[in-house]
There are 2 protein chains.
Amino acid sequence: MYTIGVDIGGMSIKIGLVDETGKIVARSRVKTADTAAQGVNDIVIHINKILEENKLDVKDINGIGVGCPGAVDSATGTVVCLPNLGWENVPLADMIKKSFDTNVKISNDANVAALGEAIYGVAKDYNSSVMITLGTGVGGGIIIDKKLFEGGWSRGAELGHVTLIMNGEPCTCGRYGCVECYCSATALMKQTREKMLENKDSKMWEYVGGDIENVDGKTAFECSKLGDNAATEVVDTYVSYLGECALNIFNVFRPEAFIFGGGVSAQGEYLNDKVRAYCEKFDYGYKNAPRTKILTATLGNDAGIIGAAALIK
Amino acid sequence: MYTIGVDIGGMSIKIGLVDETGKIVARSRVKTADTAAQGVNDIVIHINKILEENKLDVKDINGIGVGCPGAVDSATGTVVCLPNLGWENVPLADMIKKSFDTNVKISNDANVAALGEAIYGVAKDYNSSVMITLGTGVGGGIIIDKKLFEGGWSRGAELGHVTLIMNGEPCTCGRYGCVECYCSATALMKQTREKMLENKDSKMWEYVGGDIENVDGKTAFECSKLGDNAATEVVDTYVSYLGECALNIFNVFRPEAFIFGGGVSAQGEYLNDKVRAYCEKFDYGYKNAPRTKILTATLGNDAGIIGAAALIK
């Protein structure tokens with residue numbers, strides 16, 4: 001039996017045919033439309049295209065899962081608000097069901113990514129896991145007993161919007177000092193640029209060709225590996241933010257696995273080792289606390305499609 | 001059918017016979033012994049006493065629930081560590097089962113209190129609730145779908161040990177800036193004393209009879225009600241800590257109900273109104289976020305017995 005996974009993004013909507021092992025066996029992609037109605041139309045067209053190309057009928061799939069970048073009410077299948085797309089109060093599941101007589105489920109993209117890792121990815125051997133995605137923002141996904149925990153009204157699991165430093169940096173959510181303000185790739189780039197401006201002889205300047213606009217989430221990490229002190233300071237401070245965020249999650253959920261996803265997680269074990277060392281220093285939250293495994297997401301760009309398919313079980 | 005609830009505390013062990021409505025119909029109490037063996041012996045003696053006095057047999061009860069002030073492995077029924085009592089790696093459930101052929105379950109005292117409120121107390125009409133107890137420390141209890149969520153190894157739900165201000169005040173857990181350092185009754189008293197030393201003409205001095213050692217968790221609240229500016233500053237700052245703690249919990253769990261328990265919660269609606277106003281200011285965590293009810297625990301000193309009994313279902 002196959003499942004359709006739909007990954008709605010700000011730039012494009014990606015659709016995949018996913019087999020029982022979580023492998024994408026066929027895929028399609030369309031530019032994200034300006035309106036929800038057109039977006040749903042595109043999704044329907046591309047699902048039909050994939051089904052036809054693979055000589056499948058809707059009876060051959062066990063459902064359609066959709067991941068959305070924003071607030072979703074998964075119980076009713078409604079998109080509450082996708083700020084970057086301008087979609088509001090869209091009964092997405094019902095709209096898709098009009099074209100396909102099958103099970104349709106939707107969830108938030110960070111939740112979906114965490115579920116994908118838990119069912120088919122790096123956390124497939126663990127019953128409980130928490131994932132944070134370090135990208136433009138910081139998303140969170142929580143898996144308890146192999147099931148997605150979305151919080152009340154499907155509006156919890158906002159692990160990027162928990163204070164790390166009360167009254168700290170202003171956050172996009174309206175509060176101050178959230179995890180997102182310190183741990184996102186955006187925040188890391190800001191921290192990198194600030195340190196460069198204080199250290200005109202840092203190797204980081206050479207790395208970005210003298211143009212601070214070229215700073216990205218790799219700049220500090222790569223220059224720290226070359227022995228640049230200023231870059232190492234950026235990395236150490238950034239690791240301390242990630243470490244505190246991790247310890248907080250350990251103390252609340254004590255999951256078997258904690259997963260970094262998103263752009264910054266490309267640093268893999270180099271980053272994980274540093275976060276482990278930080279957490280070790282604080283005994284993983286408190287004395288004799290059980291150890292949570294710190295891991296890197298493995299599904300990469302396919303997490304959205306595979307995780308969306310994992311919503312159908 | 002009755003249930004036995006056992007509330008192990010630093011000073012005394014309280015044992016109650018609880019009916020199906022959560023009412024304590026008989027109770028006993030014994031000073032907490034120096035050793036676990038003697039403690040278990042006392043528990044057995046007092047359960048037998050209650051059963052005899054009420055002409056009940058062990059067959060007339062559906063189980064024994066125990067709340068413990070420390071780390072517990074509820075899956076195995078083992079007390080991992082009760083720091084204040086010196087108990088370590090005690091197979092408590094098995095020890096009690098040797099005397100009573102019935103179901104025995106144990107959990108941490110803050111979890112048990114939250115479960116009691118969820119089943120028999122202020123949150124009985126809500127499916128999900130989170131409680132924090134504002135006492136010497138800050139304990140946390142999480143209820144999801146009417147069930148206790150203890151985290152992996154039963155070692156999560158430590159809501160007092162989540163950073164509010166990274167690198168802030170030193171915490172008993174070894175980290176810095178935890179919720180407990182700002183929100184406990186102990187922290188409130190410290191904040192009160194510091195403000196008094198800065199404000200020699202504050203009404204708080206009169207309230208405590210000129211002796212700063214008499215400061216308690218009520219001092220700032222009661223003097224603020226009398227219009228004392230310094231006291232109001234203490235209350236407003238304390239409320240901001242509670243508000244940030246609440247918003248963090250809302251963003252992660254978005255529970256239907258959020259409950260204050262412990263000594264400071266005696267301020268009831270006076271405190272809740274202020275926390276609500278703070279959360280309102282930040283739109284309950286983010287724009288158009290669903291509203292969590294902010295409530296006060298109602299089981300008071302009986303929460304330990306009633307909540308322990310609620311472990312048996």
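This text walks through a predicted model of two chains, A and B, from their symmetry to a cavity and then to a pair of packed helices.

Start with the symmetry. Chain A can be laid on chain B with an RMSD of 0.0 Å. The move needed is a turn of 180 degrees, with a shift of 0.0 Å along the axis. The two copies are therefore related as by a two-fold rotation axis. To find that axis in the viewer, go to A:Ile165. Among the residues of chain A, A:Ile165 comes closest to the rotation axis, with its C-alpha at 2.2 Å. Both copies use the same surface. Of the contact residues of chain A, 100% recur in chain B.

Next, look for enclosed space. A search of the whole structure finds one cavity of 30 Å³ or more. The volume of the largest cavity is about 220 Å³. Its lining is made of 16 residues. Nearest the centre lie A:Val162, A:Asn248 and A:Val252, together with B:Val162 and B:Val252. Helix α8 of chain A supplies at least two residues of this lining, and so does α8 (229-253) of chain B. What is the character of the lining of the largest cavity, by nonpolar, polar and charged residues? The lining has 14 nonpolar residues and two polar ones. No charged residue takes part.

Now follow α8 of chain A to its contact with another helix. Helix α8 spans residues 229-253 of chain A, and helix α5 spans residues 185-198. Their axes come within 10 Å and cross at roughly 145 degrees. The crossing of α5(A) and α8(A) is right-handed. On the α5(A) side, the contact is made by A:Leu188, A:Gln191, A:Thr192 and A:Lys195. On the α8(A) side stand A:Ala230, A:Glu233, A:Val234, A:Tyr238 and A:Tyr241. Sorted by class, this contact holds five nonpolar, two polar and two charged residues.

Turn to chain B for the matching helices. Here α5 (residues 185-198) packs on α8(B) at an angle of about 145 degrees. The axes of α5(B) and α8(B) are 10 Å apart. This crossing is right-handed. From α5(B) come B:Leu188, B:Gln191, B:Thr192 and B:Lys195. They meet B:Ala230, B:Glu233, B:Val234, B:Tyr238 and B:Tyr241 in α8(B). The contact of α5(B) with α8(B) divides into five nonpolar, two polar and two charged residues.

Helix α8 ties the tour together. In chain A, α8 packs with α5 and helps to line the largest cavity. In chain B, α8 likewise packs with α5 and adds to that lining.

Terms used: Residues are numbered from 1 along each chain as its sequence is written. Chains are lettered from A and ligands numbered from 1 in the order in which they are written. This is a predicted model: local features need pLDDT of at least 70, side-chain atom pairs count only at pLDDT 80 or more; totals for chains, interfaces and linings use all residues. Side-chain values use heavy atoms; hydrogens and water are left out. Axes are lines fitted to C-alpha atoms, for helices over the stretch in contact, and angles run from 0 to 180 degrees between N-to-C directions. Helices (H or I, at least four residues) and strands (E, at least two) are DSSP runs, numbered from the N terminus. A crossing is left-handed if the near helix is turned anticlockwise from the far one by less than a right angle, and right-handed if clockwise. Contact means heavy atoms within 4.5 Å. Ala, Val, Leu, Ile, Met, Phe, Trp, Tyr, Cys and Pro count as nonpolar, Asp, Glu, Lys and Arg as charged, and the others, Gly among them, as polar. Copies are superposed by least squares on the C-alpha atoms of residues with pLDDT of at least 70 in both. On a 1 Å grid over the protein atoms alone, a cavity is a set of points where a 1.4 Å probe fits but cannot get out, and a pocket is an open set with protein on both sides within 12 Å along at least five of seven lines; lining residues have an atom within 4 Å of a point. Grid points are joined across faces, edges and corners, and a volume is the space filled by probe spheres set on the points.
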